[in-house]
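Subject: Structure for you to look at

Dear colleague,

I am passing on a structure that I would like you to open beside this message. Please look through it once on your own before you read the notes that follow.

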Amino acid sequence: MFTLYDCDRGDKVQVVKLHTAAELKQRLISFGIMKESLIEVLGYAPRKKTMEVRVGKMNLALRDEEAKLIEVQKYEH
Amino acid sequence: MNTSDVKVCPIIANHIKVALVGQPNVGKSMLINSVSNAHLHVGNFSGVTVDKTEVLFDYKEYHFTVVDLPGTYAFTDYTIEERVTHEYLCAEEYDIIINVVDSTNLEKNLQLTAELLTMSKKVVIALNMSDEAQKEGIEIDAEYMSELLGVSCIKVSAATKLGIEDLIDEVIKQHTNTEYKPKLVFSEPVEEEIARIVWYLDKHRFKSTNSYRNIAINLLKGNKKTYAKLHDEPIWTELQPILIEASKHIELHHNSDDIKEAFAEEYASFNRGIVAEVMEQTSHHQEKKTLTEKIDSILIHPLFGIPIFLFFMWSLFQLTFTLGAVPMEYIDMFFSWLGNTVGLTIQNEDIRSLIVDGIISGVGAVVLFVPNIIILFIGIALLESTGYMSRVAFLLDGFFHKFGLHGQSFIPLVTGFGCSIPAYMSARILKNDRDRLLTLFIIGFMSCGARLPVYVLFAGAFFPTDMAGSVLFIIYIFGAIMGLIAAKVLKLTAFKGVDEPFVMEMPKYRLPSAKLIWHTVFTKTMMYLKKAGTFIAGAAVLVWFLSNYPHHEALEKEYNTKIESVQTQEKKQFLENKKEEMLLEQSYLGQIGKLSEPLFEPLGFDWKMSVALQAGLAAKEVVVSTLGVLYSMGSGVDEQNSSLVDAIRKNIPLPSAIAFIVVIMIYLPCLAASIVFTREAGHIKYFFYLLGFTSVVAYVMAFLAYNITQMIL
């Protein structure tokens with residue numbers, strides 16, 4: 001499974017599925033991360049423990065654990 | 001349906017109560033400020049508070065009450081803000097909702113709007129930051145949007161006060177509007193199911209304040225409150241199978257087993273449609289790096305990010321102590337002058353002692369720290385309002401997470417080095433209850449400013465001057481490390497459970513507004529003065545009473561005659577001190593000390609040290625003055641007093657001293673802080689947990705420290 005965690009700085013991807021528990025899923029959805037939404041990876045903290053991504057016009061921080069649960073695919077225009 | 005209710009039950013004819021709702025960082029506070037220039041009654045302005053703010057003002061024959069609800073992304077009840085807002089909207093009395101949205105980020109903001117449209121109250125949408133949107137080349141057709149949503153949308157800008165009057169006029173208009181009908185359109189399968197439920201409710205002429213359509217939507221998306229309401233109705237038995245079928249149908253359509261996810265996707269595609277219709281991006285300067293991204297490339301740099309943050313923190317502390325020391329001197333002088341002046345006017349010795357030694361010196365000790373606290377608060381308010389705090393949480397989360405803490409725990413922990421009280425209060429930034437409780441429990445391990453005098457005293461007594469500074473540093477670091485270990489232990493035992501996710505918005509950098517910072521700092525400082533002042537004053541009176549009563553007149557007379565009989569000043573002073581000591585031993589405080597001596601014996605403490613520790617429960621500053629009194633110095637000592645240092649070196653063996661320091665580092669914070677802790681934790685039981693936890697850890701660690709140093713020596 002190709003997840004958000006596997007992406008590099010500058011990658012643009014599209015969400016395929018959220019493999020998270022219901023509570024975290026709600027949380028992600030309320031931030032705009034859901035099926036088909038586009039995510040751009042902006043950068044990460046030391047040792048990729050935390051990632052910064054852009055969803056829509058908002059910048060979000062995520063832990064590695066959460067990023068590993070978000071299945072994505074490369075997005076091409 | 002709802003309008004007929006309003007007619008039957010008019011509230012007060014000319015009064016409109018507005019609930020202000022929006023996602024975080026959409027400029028709600030700023031809007032409320034520009035809506036009501038005059039007659040402002042603002043309760044709280046801080047970003048870390050989850051309290052509702054009420055603003056009252058008059059406009060065109062109407063009394064307005066605007067309730068500013070905490071910013072919330074959605075009604076998932078995940079954070080305290082979400083819970084407070086959701087509870088309010090569902091249960092409280094109000095007339096109309098103003099939904100504030102950020103025009104530059106319309107699609108995401110409409111996600112909350114969609115949820116608001118299914119509630120029974122009318123909604124007016126304020127398209128805020130429309131000036132910023134224009135600058136970014138975003139054009140929104142508000143009229144067309146109103147038509148599509150069936151809800152008035154008004155362009156406003158809180159910053160330039162554009163459209164504020166239009167907004168309020170629209171609220172008045174909508175208040176009396178009987179035709180209000182929001183349009184929220186779903187995909188075909190969902191619409192089919194809604195129609196089926198509406199038809200069913202209609203058939204049974206179900207009585208409700210909300211529209212059938214909204215009830216159907218709420219049932220389908222699994223709204224607990226709607227379920228609870230319908231569950232006791234006779235129609236429920238027939239409704240339930242319909243709902244089960246409907247859920248299956250919708251879930252199948254969305255290829256998901258989570259109905260909430262399905263509805264979020266429904267809302268999202270509806271919003272995408274709306275945005276595509278009403279919004280036009282005239283110019284594209286998206287590709288250019290924004291200022292925020294430029295700043296971020298430095299401040300959250302993988303290598304330099306943490307050193308830069310440490311430098312900021314170091315500067316803040318440096319400022320706190322150097323700049324804070326200047327007014328501290330004057331405050332100290334003021335209180336000793338006040339004590340002397342007031343003391344001269346009071347004849348009765350007991351009352352004078354109570355007021356001067358008890359109240360004035362006790363309150364003075366608290367007021368003394370106000371400059372430090374103001375500086376620290378300004379620093380923290382700056383961190384918060386500029387958006388830098390989220391970046392630090394981002395940088396530190398990896399490290400903190402290892403110890404079971406959350407990235408955002410760092411602010412309360414760092415604040416704890418200044419004073420535990422604001423630290424407990426700032427723990428509110430942690431959204432999750434378990435994370436917040438865990439942080440609250442270990443804040444005490446960060447040695448607060450009031451413990452510094454004790455450390456200075458003991459380090460000076462047992463170590464040469466050039467080493468004392470390093471010893472101090474070690475004490476602080478050791479405390480912090482123990483705090484992290486304690487966090488890990490607590491996480492593995494008491495606060496066991498699934499790790500809370502770390503998903504956090506990184507807001508745009510904003511220039512801090514001086515007005516907002518002033519409000520935050522002012523209200524927090526007043527709160528500190530009020531809370532800490534009253535409790536400290538009370539505690540000071542208690543310690544004063546316990547150490548002065550019962551009076552032992554015979555003993556006093558005996559020493560007084562002795563003092564008169566000796567000639568030299570030195571001997572007089574010696575006997576004076578001896579008298580104080582004997583009197584203290586007879587006092588209630590002395591009796592308590594004697595009583596608790598066996599408990600502290602394994603740690604190598606004598607009764608005097610035990611008493612000093614117990615006095616420290618009121619305030620850590622009291623430890624030094626109590627030790628001073630008990631070791632025959634008279635009460636006017638401070639940590640610079642070299643004779644107290646001598647007395648401690650002579651009377652206390654090194655192992656006992658180290659054990660004593662360890663207890664001071666770990667045991668229960670002062671009374672005022674404990675009360676704030678209890679309030680922030682939310683239940684008295686947490687205070688007893690804290691008491692038990694810190695006492696056990698302090699005792700065990702001190703016992704180990706005492707015995708290990710004894711073995712080494």
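**Where the two chains pair**

In strand β9 of chain B, the residue that serves as bridge partner to Leu62(A) is Val503(B). Please keep in mind throughout that this is a predicted model. The bridge belongs to a pairing between β4(A) and β9(B), the latter covering residues 503-506, and these two strands run in the antiparallel sense over four bridges.

The wider contact between the chains draws on 29 residues from chain A and 27 residues from chain B. On the side of chain A that touches chain B, the elements that give two or more residues are α1 (22-30), β3 (50-55) and β4 (58-63) of chain A. Which of these gives the most? It is α1(A), with nine residues. When the residues on that side of chain A are sorted by class, twelve are nonpolar, seven are polar and ten are charged.

**A sheet in chain B**

Chain B holds an open sheet of six strands with mixed pairing, and if you trace the strands across it you should find the order β2-β3-β1-β4-β5-β7. The edge strands are β2 (53-59) and β7 (153-155) of chain B, each of which pairs on one side only. From one strand to the next, the twist averages 25°.

Within this sheet, you may wish to look at β4(B), residues 96-102, and β5(B), residues 122-128, which pair in the parallel sense over seven bridges. Here Ile98(B) has Val124(B), in β5(B), as its bridge partner. Helix α2(B), residues 28-35, packs on the sheet and touches β1, β2, β3, β4 and β5 of chain B, and its direction makes about 165° with that of β3(B).

**Two helices that cross**

Two packed helices are described by the angle between their axes and the distance between the axes. For helix α4(B), residues 106-116, and helix α12(B), residues 259-278, the axes come within 9 Å and cross at roughly 125°. That angle lies outside the ranges that count as roughly parallel, antiparallel or perpendicular, and the two helices α4(B) and α12(B) are therefore oblique to each other. Their crossing is right-handed.

On the α4(B) side, the residues that meet α12(B) are Leu106(B), Glu107(B), Leu110(B), Gln111(B) and Ala114(B), while those they meet in α12(B) include Tyr267(B), Phe270(B) and Arg272(B). By class, the contact of α4(B) with α12(B) has eight nonpolar, two polar and two charged residues.

With best wishes

Key:
Residues are numbered from 1 along each chain as its sequence is written. Chains are lettered from A and ligands numbered from 1 in the order in which they are written. This is a predicted model: local features need pLDDT of at least 70, side-chain atom pairs count only at pLDDT 80 or more; totals for chains, interfaces and linings use all residues. Two strands pair if DSSP finds at least two bridges between them. Axes are lines fitted to C-alpha atoms, for helices over the stretch in contact, and angles run from 0 to 180 degrees between N-to-C directions. Two residues are in contact if their C-beta atoms, placed from the backbone, lie within 7 Å. Ala, Val, Leu, Ile, Met, Phe, Trp, Tyr, Cys and Pro count as nonpolar, Asp, Glu, Lys and Arg as charged, and the others, Gly among them, as polar. Angles under 35 degrees count as roughly parallel, over 145 as roughly antiparallel, 65 to 115 as roughly perpendicular and the rest as oblique. A crossing is left-handed if the near helix is turned anticlockwise from the far one by less than a right angle, and right-handed if clockwise.
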